[in-house]
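Here are some short exercises to work through with the structure open beside you. Try each task yourself before reading the solution under it.

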Amino acid sequence: MMLKPIAQAVLLSAALAASAAMAAPQVEVLHYWTSGGEAKSIAELKKMMEAKGVVWKDFAVAGGAGENAATALKARVIAGSAPTAAQIKGPSIQEWGQEGVLANIDAAATEGKWDSLLPSVVSNVMKYKGHYVAVPVNVHRVNWLWINPQVLAKAGAKAPANFDEFFAAADKIKKAGMVAVAHGGQPWQDATMFESVVLGVGGAAFYDKALVKLDQAALTSPTMIKAFETLGKIKTYIDKDAAGRDWNLATAMVINGKAGMQFMGDWAKGEFTTAGKVAGKDFLCLPAPGTAQSYTFNIDSLAMFKVKSADEQKAQLTLASAVMSPEFQEVFNLNKGSIPVRTGVSRAKFDACATRSMDDMAAASKAGMLEPSLAHGMAIDTAKAGAIQDVIAKFMNSSMTPQAAVQALAKAAKTK
Amino acid sequence: MSVSTVPRARAPAAEPTPAPPSASRLAALADTWLPRLVLSPTVVASLVFVYGFIGLTAWLSLTDSRMMPNFEYSGFGQYATLFELDRWWTAARNLGIFGGLFILACLSIGLGIAILLDQRIRHEGALRAIYLYPMALSFIVTGAAWKWILNPGLGLEKMMHDWGFGHFSFDWLVDPDMSIYTVVIAGVWQSSGFVMALFLAGLRGVDDAIIKAAMVDGASLPAIYRRIVIPSLRPVFFSVLLVLSHIAIKSFDLVMALTAGGPGTSSDVPAIFMYQFSFTRGRLGLGAASAMMMLATVLAVLVPLMYLETKGERNGRR
């Protein structure tokens, strides 16, 4: 008598659970877009997926620029329960591909004609052995120089286009009693500055040879020594309290007029706009000195993991198509400060910096000067990039000579 | 009386006679098995999660594991790579500087405060609490607070400049040659109160009669401490050394919060090295090798200490 209703309830709930599982396939997405604008961006994707009848299971792991997320992902994959998709970028996609855990999403790519929408430098990163395994979300340009024009005006300097002008402007700002270069002495920021300097001193072809192909002759060439000399000179324009400073605090120094210029990727724009500043008027975004024609990119992407059921596979392809859709690319990148990775997205709502970034990317792509960022894990695998980052950090924080730095760099590039 | 007492005495004796042997057998069984039963989960857990994982790490350090574990033996290449890395030697040297100074400073400051507090002063309880309080904070909090205090543009240096001491300079935090010493400062601030508490407990355990006898013999107070009290604190020294050296060797959070290993990699320590190489740089094998080197350091410090301590105990008993 008592058992019957319980049994009924159990049966009913089992049936409900089964029907729920059948009716709504789910995608579980591991990501580290947890800060304000980023969280808003990813919430848009969730909304789009739910509109398509797919249950969104959020798996956000904050902190450490994705380090914590990577650790969580490894644990899940080792345990045999990989999420549907995870925020992985650059050569790491290839590393995961070698583990044999990534899913082929060519179906979504052919349907969406991704090959014609993406520059080949970008689509190559998204493919493992010729098949799409990841979908790009956005493009950040790394080789930007952020400038406070009021500081320049006060110092009587003009916005620099090359390193001679840069140092002339820096001297004037320094003389006027302000910090010329706002910087945070953290290894990744040092590396960000370094790659812009290499790009400016040596040009895109040299950058590609030295920092992407890791050609030993290029790494030890006089051009690389000159890049380190330039970096060493920039170092003298940084205030001494920079050690350990977060990048956004350095940006704040530019915003409130304590400092004149900062080398940083376009995520810095968010800091300016949040402070109520207008691009082109209150702050300038220029390509880093000598890098107007070239473009270093940092692309976030979602790598797709193998899922078991046909329903989940279908949901996975829906997710991939949604990420590439112009609607998502527009709203996500407006929130995040980056630009859409694909062509065919309306430019109306993007600001001056973003549209310049779009134009430069298209031009650089055509001229073959679109290069992956070293500092942001796009160019080479994490082990080599880490070793190179250590060399740059050491150069920035010791009296290491450019010659010694070049030798150490060449050695680091041989890291297996 | 005697007639009635005998059956009465016999009756209770007669009734339980069959019971006691079984009860005592049960009790004996429980005596032998219950402790084992209760302890076994702990033993199994530590066998697996401590010694099992030490073994696993040791094995990983002999493989070519990169991002994911790979269990194919490949020799001692990871150790060779490790010993060639500048960064590893920076980390090892920093551990030496930090560990040595941290332990020494904690010991001397802790002992000093304990001796001063032991002079039957007023408000001893309150003072004790004040000195012990930093221990209640996590190293992350200590690190973050000291980061602000020691930052030349925010903390001490700026305050002194604002007060008109324009030449005051204290920029160790941003000086690659001195940054590891700021970690020592913060670590000592956090831990010396705890060391004080241990020593104070030890001091209270010293027999008053000996001290009074020494006083009668005309020994001065410093001599009493040097010749009688401090030597009798020998077991406390061992416990303190044990605790402090393992804090020093595994220190990660304090350095992470205070300097994050910087400027550059100048205040790197082995624990940060291990974490970065294993988990963020996809070099699990190399990380495992550095973890084994840390284990070797722990053993090199702790084994002689524990050996001396047990020897000391034996001497004491004799």
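The bend at a residue is the angle between two axes, one fitted to the seven residues ending there and the other to the seven starting there. Keep that in mind for the first exercise, and remember that this is a predicted model.

**Exercise 1. A helix that does not run straight**

Task: Find out where helix 10 of chain A is kinked, and by about how many degrees.

Solution:
- Start with the length: helix 10 of chain A covers residues 187–212, which makes 26 residues.
- At 1.5 Å a residue, a straight helix would reach 38 Å, yet the end C-alpha atoms here are only 19 Å apart.
- Now look for the bend: the kink is centred on A:G203 and comes to about 120°.
- Next, check the surroundings. Of the 26 residues of helix 10 of chain A, 19 are buried, so the helix is largely enclosed by the rest of the structure.

**Exercise 2. The residue after the helix**

Task: Describe the backbone of A:L214 and decide whether A:L214 counts as buried, partly exposed or exposed.

Solution:
- Place the residue: A:L214 sits in the loop that links helix 10 to helix 11 (216–219) of chain A.
- Read its phi angle: the value is positive, about 55°, although A:L214 is not a glycine.
- Count the neighbours. A residue needs 20 or more other C-beta atoms within 10 Å to be buried. A:L214 has 19 C-beta neighbours inside 10 Å, so it counts as partly exposed.
- For a companion case, turn to chain B: B:A260 is not a glycine either, and its phi is positive at about 55°.
- B:A260 belongs to the loop between helix 12 (253–258) and helix 13 (270–280) of chain B. With 19 C-beta neighbours inside 10 Å, B:A260 counts as partly exposed.

**Exercise 3. A buried alanine**

Task: List what A:A170 is in contact with, leaving aside its neighbours within four places in sequence.

Solution:
- Find the residue in helix 9 (residues 163–175) of chain A.
- A:A170 has 24 other C-beta atoms within 10 Å, which means that it is buried.
- Beyond its sequence neighbours, its contacts are A:A180, A:V181 and A:Y237.
- To get a sense of distance, pick A:K57, which is 113 residues away along the chain: the C-alpha atoms of A:A170 and A:K57 are separated by 49 Å.

**Exercise 4. Two pairs of strands**

Task: Work out which sense, parallel or antiparallel, applies to strands 1 and 2 of chain A and to strands 7 and 10 of chain A.

Solution:
- Take strand 1 (residues 26–31) of chain A: five of its six residues are buried, so this strand is largely enclosed by the rest of the structure.
- Strand 1 pairs with strand 2 (residues 55–60) of chain A over six bridges, in the parallel sense. Within this pair, A:L30 has A:F59 of strand 2 as its bridge partner.
- Strand 7 (residues 144–147) and strand 10 of chain A run antiparallel and are joined by four bridges. Here A:L145 stands opposite A:L286 of strand 10.
- In a regular strand, side chains alternate between the two faces of the sheet.
- Strand 10 (residues 284–287) of chain A has A:C285 and A:P287 on its covered face, while A:L284 and A:L286 are on the uncovered one.

**Exercise 5. Domains and chains in contact**

Task: Say how many residues of each domain of chain A are in contact with the other domain, and how many residues each chain gives to the contact between chains A and B.

Solution:
- Begin with the bounds: in chain A, domain 1 is 27–139 + 299–355 and domain 2 is 144–296 + 375–412. Their centres, taken over C-alpha atoms, are 29 Å apart.
- Twelve residues of domain 1 of chain A are in contact with twelve residues of domain 2.
- On the domain 1 side, helix 4 (92–98) and helix 17 (352–367) of chain A are the elements that give two or more residues. That side has four nonpolar, five polar and three charged residues.
- Move on to the chains: chain A brings 24 residues to the contact and chain B brings 22.
- On the side of chain A that touches chain B, helix 3 (67–78) and helix 18 (382–396) each supply at least two residues. Helix 18 gives the most, with seven residues.
- By kind, this side of chain A divides into seven nonpolar, eight polar and nine charged residues.

Technical notes. Residues numbered from 1 in each chain as written. Chains lettered and ligands numbered in written order. Predicted model: local features only at pLDDT ≥ 70, side-chain atom pairs only at ≥ 80, totals over all residues. Expected span 1.5 Å × (residues − 1). Buried ≥ 20, exposed ≤ 12 C-beta atoms within 10 Å, placed from the backbone. Domains from an automatic or database assignment. Contact = placed C-beta atoms within 7 Å. Nonpolar A, V, L, I, M, F, W, Y, C, P; charged D, E, K, R; others polar. Pairing = 2+ DSSP bridges.
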